Amino acid sequence: MRVLLIAGGWSDEREVSLSGAKGIHSALLELGHEVDMLDPAQDFSNLMNRASQADFAFINLHGSPGEDGLIQAILNRTSCPYQGSGPESSFLSLNKAATKTIFDQNSILTPKWELICSVDGCKGIQNLKPPVFIKPNSGGSSLGMTFAQNNQEMQYGIEKVFSMGDSALVEEYTKGIEVTCGILGEEPLPLILITPPEKAQFFDYNSKYALDGAEEICPAPIEERLTKQIQEITLKAHKLLGLSGYSRADFIISEGVPYILEVNTLPGMTPTSLVPRAAKTAGYSFNMLIEKLIELGKK
């Protein structure tokens with residue numbers, strides 16, 4: 001089968017995308033597929049033509065133009081299937097405030113939050129007091145995130161986000177342990193417990209992608225009842241957002257109560273990424289995971 005591997009792009013997460021694509025490329029070749037690599041940042045104008053000549057597209061993009069649904073919308077204009085969710089669900093899920101609105105309306109616990117927009121007359125943070133997390137409303141890999149413990153740091157965090165985009169998501173700090181749960185098909189994967197390095201204030205970019213980054217334990221050593229509860233919440237969020245194929249949700253467990261943070265529609269595929277690690281615990285080698293995603297995408 002001829003597979004168009006789409007990676008790179010123009011977001012701040014470009015290097016993460018390209019890093020993950022190397023492993024995907026090798027896996028596709030080992031599975032017997034022919035691989036055609038396309039970087040939208042370099043050959044966007046030929047995307048439709050090259051997709052029309054492929055049997056399948058494997059998207060490994062983070063941020064725009066993959067997680068925002070743009071590539072999926074273009075592929076929908078061709079006869080080329082792809083793994084993961086469609087354009088509408090992708091666009092919705094990338095917007096943190098939009099997903100939290102859906103969580104709130106469907107009784108899924110999430111930390112208190114506030115959306116701040118960089119428009120004239122913006123009054124700044126109104127409802128939350130430090131400590132808080134401040135992050136781009138649309139983005140991933142913890143890029144641009146600030147853990148603000150006082151008003152001065154809050155102002156710095158807002159300015160930092162506005163230097164990257166036009167809206168910030170402010171989230172109340174919830175003390176607890178962090179876990180993540182993946183979905184493959186409609187089956188929850190084993191949970192992963194994430195413990196950032198002592199020098200890191202939170203699960204930041206370096207903790208996520210450095211080989212000496214966060215300690216990640218799979219399956220997470222938490223009680224079975226809580227594990228099943230988080231898996232059920234993850235699947236519920238997956239369905240509410242209209243996702244398909246796979247996804248990954250991040251949680252904070254505080255005093256035995258799980259709070260969902262966000263959902264990722266194109267989880268990372270680097271050697272240190274979470275979904276491949278959870279899938280391995282569930283019995284999927286990396287090659288098997290790639291083949292499973294293709295199988296799900298062709299349905």
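1. Among contacts in the chain between residues at least 6 apart in sequence, 67% join residues at least 24 apart. This is a predicted model, and the points below should be read with that in mind.

2. On overall form, the chain has 11 helices and 13 strands. Its radius of gyration is 19 Å, close to the 19 Å that the globule rule gives for 299 residues, so the chain is as compact as a globular protein of that length. Taken along the principal axes, the box filled by the C-alpha atoms is roughly 55 × 50 × 35 Å.

3. On surface and charge, the chain has an accessible surface of about 13600 Å², and carbon and sulfur atoms account for 49% of that area. There are 25 positive and 36 negative charges, and the mean positions of the two sets are 2 Å apart. Of the 299 residues, 54% are buried.

4. In soluble globular proteins, nonpolar side chains tend to be buried together. Here the largest nonpolar core has 41 residues, and those with the most contacts inside it are Leu 4, Ile 6, Leu 47, Phe 58, Ile 59 and Leu 75. Leaving out residues up to four places away in sequence, Phe 58 touches Val 3, Leu 4, Leu 5 and Ile 6, and also Ile 24, Gln 83, Ile 290, Leu 293 and Ile 294. A second core, separate from this one, has 20 residues, including Ile 102, Cys 181, Leu 191 and Ala 237.

5. Asp 39 deserves a look. The residue sits in the loop between strand 2 (34-38) and helix 2 (40-43). Its relative accessibility is 10%, and because the cut-off for buried is under 20%, Asp 39 counts as buried. Beyond residues up to four places away in sequence, Asp 39 touches Ala 7, Gly 8, Gly 9, Arg 14 and Phe 44.

6. Pro 267 is another buried loop residue: its relative accessibility is 0%, and its loop runs between strand 13 (257-264) and helix 10 (274-281). The contacts of Pro 267, again not counting residues up to four places away in sequence, are His 62, Tyr 246, Ser 247, Arg 248 and Val 275. The C-alpha atom of Pro 267 is separated by 9.1 Å from that of Leu 61, although the two residues are 206 residues apart along the chain.

7. Some backbone geometry should be checked by eye. Most residues other than glycine have a negative phi, and most peptide bonds are trans. Ser 64 and Pro 65 are joined by a cis peptide bond with omega of about 5°; Pro 65 is in the loop between strand 3 (56-60) and helix 4 (70-75). Another cis peptide bond joins Pro 130 and Pro 131, with omega of about 10°, and Pro 131 lies in the loop between strand 4 (113-117) and strand 5 (132-136).

8. Positive phi values also occur outside glycine. Ser 107 has a phi of about 60° and is found in the loop between helix 6 (96-105) and strand 4. With a relative accessible area of 68%, Ser 107 is exposed. For Glu 255, phi is near 55°. Glu 255 is in the loop between strand 12 (246-254) and strand 13, and at 83% relative accessibility Glu 255 counts as exposed.

Terms used: Residues are numbered from 1 along each chain as its sequence is written. This is a predicted model: local features need pLDDT of at least 70, side-chain atom pairs count only at pLDDT 80 or more; totals for chains, interfaces and linings use all residues. Side-chain values use heavy atoms; hydrogens and water are left out. A nonpolar core is a set of buried Ala, Val, Leu, Ile, Met, Phe, Trp, Tyr and Cys residues joined through side-chain atoms within 4.5 Å. Buried means under 20% relative accessible area, exposed over 50%, partly exposed in between (1.4 Å probe, protein chains only). Contact means heavy atoms within 4.5 Å. Helices (H or I, at least four residues) and strands (E, at least two) are DSSP runs, numbered from the N terminus. The radius of gyration is taken over C-alpha atoms; the globule rule is 2.2 Å times the number of residues to the power 0.38. Accessible areas come from the Shrake-Rupley method with a 1.4 Å probe; for residues, only the protein chains shown count as cover. Lys and Arg count as positive and Asp and Glu as negative; His and the chain ends are not counted. The place of a charge is taken as NZ of Lys, CZ of Arg, CG of Asp or CD of Glu.
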